[in-house]
Amino acid sequence: MELFQKKPLTIDDINYEIRILYNESTINVVAFLNDYPANGYRHQIQIPRNCNIQAILRSNVVGGLVEISQNDIIEKKAEILSKLIHDSMKNN
């Protein structure tokens, strides 16, 4: 995948990066921390190969996915999910 754009995000003195990555048929928006995915969330758009991907990358649709990725970090969704997974495993 190619990098289209990076958007910095600092929460609780921790520096994250929201990266917009793409190839000929997919756009991924992923939060990173120290060059590794920050959580298990990846927001994706799959598009036809003959589509103008650059126009889509510059659209508000991708900006909306960036906002969702930022909110995943702000709302600590990965920590909530991790606790749910941990709790469900010890109950089985």
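**Exercise 1. The sheet**

In what order do the four strands of the open sheet lie, and with what pairing?

*Solution.* This is a predicted model. Step one: take the order of the strands. The open sheet runs β1-β2-β3-β4. Step two: take the pairing, which is antiparallel. Step three: find the edges. Strands β1 (2–11) and β4 (36–46) each pair on one side only. Step four: add the twist. From one strand to the next, the twist averages 15°.

**Exercise 2. A strand pair**

State over how many bridges β2 and β3 pair, and find the residue opposite Glu 17.

*Solution.* Step one: locate the strands. Strand β2 covers residues 14–22, and strand β3 covers residues 26–33. Step two: give the bridges. The two strands pair over six bridges, in the antiparallel sense. Step three: look across from Glu 17. Opposite stands Phe 32 in β3.

**Exercise 3. The helix on the sheet**

Name the helix that packs on the sheet, and the strands it touches.

*Solution.* Step one: write down the pattern along the sequence. The chain reads β-β-β-β-α-α-α, with three helices and four strands. Step two: pick the helix. Helix α2 (residues 60–74) packs on the sheet. Step three: list its strands. Helix α2 touches β1, β2, β3 and β4. Step four: give the angle. The direction of helix α2 makes about 155° with that of β4.

**Exercise 4. One residue in α2**

Decide whether Asp 72 is buried or exposed, then describe its surroundings.

*Solution.* Step one: place the residue. Asp 72 lies in helix α2. Step two: apply the cut-off. Asp 72 has 3% relative accessibility. Buried means under 20%, so Asp 72 counts as buried. Step three: collect its contacts. Beyond its neighbours within four places in sequence, Asp 72 is in contact with Asn 39, Tyr 41, His 43, Lys 77 and Ala 78. Step four: check one separation. Asp 72 and Ala 31 are 41 residues apart along the chain, and their C-alpha atoms are separated by 8.5 Å.

**Exercise 5. The whole chain**

Describe the span, burial, surface and charges of the chain.

*Solution.* Step one: take the span. Along its principal axes the C-alpha trace covers about 50 × 35 × 20 Å. Step two: take burial. The chain has 92 residues, and 32% of them count as buried. Step three: take the surface. About 6200 Å² is exposed, with carbon and sulfur atoms supplying 50% of it. Step four: take the charges. There are 10 positive and 11 negative charges, and their mean positions are 4 Å apart. Step five: take the contacts. Among those between residues at least 6 apart in sequence, 38% join residues at least 24 apart.

Key
Residues numbered from 1 in each chain as written. Predicted model: local features only at pLDDT ≥ 70, side-chain atom pairs only at ≥ 80, totals over all residues. Heavy atoms only, no water. Pairing = 2+ DSSP bridges. Axes fitted to C-alpha atoms, helices over the stretch in contact; angles between N-to-C directions. Contact = heavy atoms within 4.5 Å. Buried < 20%, exposed > 50% of the residue type's maximum accessible area, 1.4 Å probe, protein only. Areas by Shrake-Rupley, 256 points an atom, 1.4 Å probe, with all protein chains shown as cover. Lys, Arg positive; Asp, Glu negative; His and termini not counted. Charge placed at Lys NZ, Arg CZ, Asp CG, Glu CD.
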